[in-house]
Amino acid sequence: MNMTDTLQQLIDNYRTTESVRQLIIQTKIVLLVGISGAGKDTTKQRLMQSPEFADIVSYTTRQPRQNKGVWEREGVDYHYIDEATATELLKSHAFVEAKFVHGTVYGTGVKQIEDIRDAGKIAVTDIDVQGVDEYKKLSPGVVAIFLLPPNYQEWRRRLSVRYASQEEFDREWPKRYNSAIREITHALEVPYYHFVINDDIDETARIVRAIALKPDVYNRKDDEARLAARDLLEQLKASS
(Lines give C-alpha, C1' and ligand atoms only; values in the text may rest on other atoms or scores of the structure.)
Protein backbone atom coordinates (compact mmCIF):
# COMPACT_ATOMS: atom_id res chain seq x y z
CA MET A 1 0.00 0.00 0.00
CA ASN A 2 1.46 3.39 -0.97
CA MET A 3 1.44 6.52 1.20
CA THR A 4 -1.62 8.02 -0.51
CA ASP A 5 -3.66 4.87 0.03
CA THR A 6 -2.52 4.70 3.65
CA LEU A 7 -3.56 8.29 4.31
CA GLN A 8 -6.91 7.78 2.63
CA GLN A 9 -7.57 4.68 4.73
CA LEU A 10 -6.52 6.39 7.96
CA ILE A 11 -8.82 9.35 7.27
CA ASP A 12 -11.73 7.14 6.20
CA ASN A 13 -11.43 5.25 9.48
CA TYR A 14 -10.60 8.25 11.67
CA ARG A 15 -12.59 8.58 14.88
CA THR A 16 -12.10 11.28 17.50
CA THR A 17 -11.66 10.20 21.08
CA GLU A 18 -13.98 10.98 23.98
CA SER A 19 -11.37 13.35 25.44
CA VAL A 20 -11.37 15.33 22.18
CA ARG A 21 -15.17 15.47 22.19
CA GLN A 22 -15.04 16.92 25.71
CA LEU A 23 -12.43 19.45 24.56
CA ILE A 24 -14.75 20.69 21.80
CA ILE A 25 -17.65 20.94 24.26
CA GLN A 26 -15.51 22.95 26.70
CA THR A 27 -14.14 25.38 24.09
CA LYS A 28 -15.97 28.34 22.55
CA ILE A 29 -15.62 27.71 18.81
CA VAL A 30 -16.83 29.78 15.86
CA LEU A 31 -16.73 28.26 12.37
CA LEU A 32 -16.83 30.66 9.42
CA VAL A 33 -18.32 29.09 6.32
CA GLY A 34 -19.36 30.45 2.95
CA ILE A 35 -18.99 30.21 -0.78
CA SER A 36 -15.70 31.23 -2.35
CA GLY A 37 -15.53 35.02 -2.42
CA ALA A 38 -17.97 35.54 0.45
CA GLY A 39 -15.24 37.07 2.65
CA LYS A 40 -14.40 34.34 5.17
CA ASP A 41 -10.69 35.15 5.44
CA THR A 42 -11.20 38.92 5.59
CA THR A 43 -13.83 38.53 8.29
CA LYS A 44 -11.56 36.23 10.28
CA GLN A 45 -8.70 38.72 10.06
CA ARG A 46 -10.97 41.44 11.44
CA LEU A 47 -11.94 39.22 14.37
CA MET A 48 -8.27 38.51 15.06
CA GLN A 49 -7.79 42.21 15.79
CA SER A 50 -9.73 41.61 19.01
CA PRO A 51 -7.81 39.87 21.84
CA GLU A 52 -10.80 37.67 22.72
CA PHE A 53 -10.43 35.63 19.51
CA ALA A 54 -7.72 33.20 18.42
CA ASP A 55 -7.22 31.57 15.02
CA ILE A 56 -7.17 27.77 14.69
CA VAL A 57 -4.27 27.25 12.30
CA SER A 58 -4.86 23.97 10.46
CA TYR A 59 -2.33 21.44 9.18
CA THR A 60 -1.87 20.64 5.50
CA THR A 61 0.41 18.46 3.40
CA ARG A 62 0.35 20.85 0.45
CA GLN A 63 3.07 23.39 -0.22
CA PRO A 64 2.65 27.12 0.56
CA ARG A 65 1.04 29.14 -2.23
CA GLN A 66 1.01 32.74 -3.33
CA ASN A 67 -2.21 34.67 -2.72
CA LYS A 68 -2.37 37.95 -4.63
CA GLY A 69 1.42 37.94 -4.88
CA VAL A 70 2.03 37.20 -1.19
CA TRP A 71 3.37 33.83 -0.03
CA GLU A 72 1.50 31.97 2.68
CA ARG A 73 3.35 31.77 6.01
CA GLU A 74 4.05 28.82 8.28
CA GLY A 75 2.04 29.04 11.50
CA VAL A 76 -0.11 31.84 10.12
CA ASP A 77 -1.94 30.38 7.13
CA TYR A 78 -1.22 26.70 7.86
CA HIS A 79 1.17 24.36 9.60
CA TYR A 80 2.88 22.72 6.62
CA ILE A 81 3.75 19.06 7.16
CA ASP A 82 4.81 16.13 5.02
CA GLU A 83 2.77 12.97 4.48
CA ALA A 84 4.83 10.95 6.97
CA THR A 85 4.06 13.49 9.72
CA ALA A 86 0.38 13.51 8.75
CA THR A 87 0.35 9.73 9.05
CA GLU A 88 1.80 9.86 12.56
CA LEU A 89 -0.64 12.58 13.65
CA LEU A 90 -3.56 10.52 12.38
CA LYS A 91 -2.33 7.37 14.11
CA SER A 92 -1.89 9.25 17.42
CA HIS A 93 -5.34 10.88 17.17
CA ALA A 94 -3.80 14.36 17.20
CA PHE A 95 -6.53 15.80 14.92
CA VAL A 96 -10.01 16.94 15.83
CA GLU A 97 -11.06 16.30 12.24
CA ALA A 98 -9.18 15.53 9.06
CA LYS A 99 -10.04 15.25 5.37
CA PHE A 100 -8.31 14.21 2.17
CA VAL A 101 -9.00 16.61 -0.72
CA HIS A 102 -7.46 16.05 -4.16
CA GLY A 103 -4.54 14.18 -2.62
CA THR A 104 -3.94 16.71 0.15
CA VAL A 105 -4.48 16.20 3.88
CA TYR A 106 -6.13 19.00 5.87
CA GLY A 107 -6.60 18.64 9.62
CA THR A 108 -7.37 20.60 12.79
CA GLY A 109 -4.92 19.92 15.61
CA VAL A 110 -6.11 19.02 19.10
CA LYS A 111 -3.17 20.90 20.68
CA GLN A 112 -4.14 24.19 18.99
CA ILE A 113 -7.65 24.06 20.43
CA GLU A 114 -6.35 23.04 23.87
CA ASP A 115 -4.11 26.11 23.91
CA ILE A 116 -6.99 28.41 22.92
CA ARG A 117 -9.28 26.90 25.55
CA ASP A 118 -6.63 27.24 28.25
CA ALA A 119 -6.15 30.91 27.28
CA GLY A 120 -9.89 31.52 27.71
CA LYS A 121 -10.33 32.74 24.14
CA ILE A 122 -12.86 32.05 21.37
CA ALA A 123 -11.43 29.75 18.70
CA VAL A 124 -12.15 30.78 15.10
CA THR A 125 -11.46 29.13 11.78
CA ASP A 126 -12.83 29.12 8.24
CA ILE A 127 -13.99 25.70 7.12
CA ASP A 128 -16.21 23.92 4.60
CA VAL A 129 -19.71 22.59 5.24
CA GLN A 130 -18.44 19.01 5.68
CA GLY A 131 -16.07 20.16 8.40
CA VAL A 132 -18.92 21.91 10.19
CA ASP A 133 -20.90 18.67 10.18
CA GLU A 134 -17.99 16.91 11.91
CA TYR A 135 -17.74 19.59 14.60
CA LYS A 136 -21.50 19.56 15.18
CA LYS A 137 -21.40 15.81 15.77
CA LEU A 138 -18.90 16.46 18.55
CA SER A 139 -20.70 19.43 20.12
CA PRO A 140 -24.02 21.10 19.22
CA GLY A 141 -22.71 24.23 20.95
CA VAL A 142 -20.20 25.01 18.20
CA VAL A 143 -21.31 28.21 16.40
CA ALA A 144 -21.49 27.99 12.59
CA ILE A 145 -21.79 31.22 10.59
CA PHE A 146 -22.43 31.10 6.82
CA LEU A 147 -21.26 34.24 5.00
CA LEU A 148 -22.95 35.30 1.78
CA PRO A 149 -22.22 38.00 -0.83
CA PRO A 150 -25.07 40.54 -1.16
CA ASN A 151 -26.14 39.31 -4.61
CA TYR A 152 -25.10 37.21 -7.59
CA GLN A 153 -23.57 40.11 -9.58
CA GLU A 154 -21.38 41.24 -6.69
CA TRP A 155 -20.29 37.67 -5.99
CA ARG A 156 -19.20 37.17 -9.60
CA ARG A 157 -17.32 40.49 -9.51
CA ARG A 158 -15.49 39.55 -6.30
CA LEU A 159 -14.46 36.22 -7.77
CA SER A 160 -13.29 37.68 -11.06
CA VAL A 161 -10.78 40.09 -9.46
CA ARG A 162 -8.97 37.13 -7.89
CA TYR A 163 -7.76 35.90 -11.27
CA ALA A 164 -4.96 37.23 -13.42
CA SER A 165 -6.98 36.99 -16.63
CA GLN A 166 -10.51 36.52 -17.91
CA GLU A 167 -9.44 33.19 -19.39
CA GLU A 168 -8.29 31.91 -16.00
CA PHE A 169 -11.55 33.03 -14.41
CA ASP A 170 -13.60 31.37 -17.14
CA ARG A 171 -11.77 28.08 -16.55
CA GLU A 172 -12.45 28.16 -12.80
CA TRP A 173 -15.98 29.54 -12.97
CA PRO A 174 -17.89 26.24 -13.46
CA LYS A 175 -16.19 24.70 -10.41
CA ARG A 176 -16.87 27.75 -8.20
CA TYR A 177 -20.43 28.04 -9.47
CA ASN A 178 -21.32 24.39 -8.83
CA SER A 179 -19.63 24.42 -5.41
CA ALA A 180 -21.61 27.51 -4.41
CA ILE A 181 -24.93 25.88 -5.28
CA ARG A 182 -23.97 22.72 -3.43
CA GLU A 183 -22.75 24.56 -0.30
CA ILE A 184 -25.70 26.95 0.04
CA THR A 185 -28.16 24.11 -0.56
CA HIS A 186 -26.51 22.04 2.17
CA ALA A 187 -26.43 24.94 4.65
CA LEU A 188 -30.13 25.64 4.12
CA GLU A 189 -31.02 22.00 4.77
CA VAL A 190 -29.74 22.02 8.36
CA PRO A 191 -31.03 24.19 11.23
CA TYR A 192 -27.81 25.32 12.88
CA TYR A 193 -26.32 27.99 10.60
CA HIS A 194 -26.39 31.71 11.31
CA PHE A 195 -26.45 33.47 7.92
CA VAL A 196 -24.75 36.84 7.47
CA ILE A 197 -24.85 38.96 4.31
CA ASN A 198 -21.36 40.38 3.79
CA ASP A 199 -22.13 43.73 2.16
CA ASP A 200 -19.87 45.87 4.35
CA ILE A 201 -16.90 44.24 6.09
CA ASP A 202 -17.05 46.44 9.20
CA GLU A 203 -20.72 45.63 9.74
CA THR A 204 -20.12 41.97 8.93
CA ALA A 205 -17.32 41.72 11.52
CA ARG A 206 -19.53 43.44 14.10
CA ILE A 207 -22.42 41.02 13.51
CA VAL A 208 -20.18 37.95 13.49
CA ARG A 209 -18.60 39.06 16.79
CA ALA A 210 -22.04 39.60 18.30
CA ILE A 211 -23.19 36.15 17.18
CA ALA A 212 -20.02 34.59 18.57
CA LEU A 213 -20.63 36.14 21.97
CA LYS A 214 -24.43 35.61 22.14
CA PRO A 215 -25.60 33.25 19.36
CA ASP A 216 -29.18 32.94 20.66
CA VAL A 217 -29.84 36.66 20.25
CA TYR A 218 -29.61 36.47 16.46
CA ASN A 219 -32.27 33.86 15.77
CA ARG A 220 -34.78 36.36 14.34
CA LYS A 221 -32.20 38.07 12.16
CA ASP A 222 -31.13 34.66 10.94
CA ASP A 223 -34.60 34.21 9.42
CA GLU A 224 -34.10 37.33 7.30
CA ALA A 225 -30.62 36.28 6.17
CA ARG A 226 -31.84 32.73 5.49
CA LEU A 227 -34.41 34.17 3.07
CA ALA A 228 -31.62 36.16 1.39
CA ALA A 229 -29.63 32.92 1.07
CA ARG A 230 -32.59 31.26 -0.66
CA ASP A 231 -32.88 34.24 -3.02
CA LEU A 232 -29.18 34.03 -3.89
CA LEU A 233 -29.48 30.30 -4.51
CA GLU A 234 -32.36 30.91 -6.92
CA GLN A 235 -30.32 33.59 -8.72
CA LEU A 236 -27.46 31.11 -9.07
CA LYS A 237 -29.68 28.38 -10.46
CA ALA A 238 -31.39 30.82 -12.86
CA SER A 239 -28.02 31.96 -14.25
CA SER A 240 -27.01 28.49 -15.42
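These are my notes on the nonpolar cores and two helix pairs of a predicted model.

Ground rules first: residues count from 1 along each chain as its sequence is written. The model being predicted, local features need pLDDT of at least 70, side-chain atom pairs count only at pLDDT 80 or more, and totals for chains, interfaces and linings use all residues, while side-chain values use heavy atoms, with hydrogens and water left out.

**Cores.** I looked up the largest nonpolar core (buried Ala, Val, Leu, Ile, Met, Phe, Trp, Tyr and Cys joined through side-chain atoms within 4.5 Å; buried is under 20% relative accessible area, 1.4 Å probe, protein chains only). It has 58 residues, and Tyr135, Phe146 and Tyr193 touch the most other members. Helix 8 (residues 166-189) is the top contributor, with eight residues; helices are DSSP runs of H or I, at least four residues, numbered from the N terminus. Another core, of twelve residues, lies apart and includes Tyr59 and Phe100.

**Helices 7 and 8.** I got an angle of about 135° between helix 7 (residues 152-160) and helix 8, with axes 11 Å apart (lines fitted to C-alpha atoms over the stretch in contact; angles run from 0 to 180 degrees between N-to-C directions). That makes helix 7 oblique to helix 8 (not under 35, over 145 or 65 to 115 degrees). Trp155 and Leu159 are among the helix 7 residues in the contact, and Trp173 and Tyr177 among those of helix 8 (contact: heavy atoms within 4.5 Å).

**Helices 2 and 5.** Helix 2 (residues 18-26) packs on helix 5 (residues 110-118) at about 40°, axes 10 Å apart. So helix 2 is oblique to helix 5.

Note on methods:
Buried means under 20% relative accessible area, exposed over 50%, partly exposed in between (1.4 Å probe, protein chains only). Helices (H or I, at least four residues) and strands (E, at least two) are DSSP runs, numbered from the N terminus.
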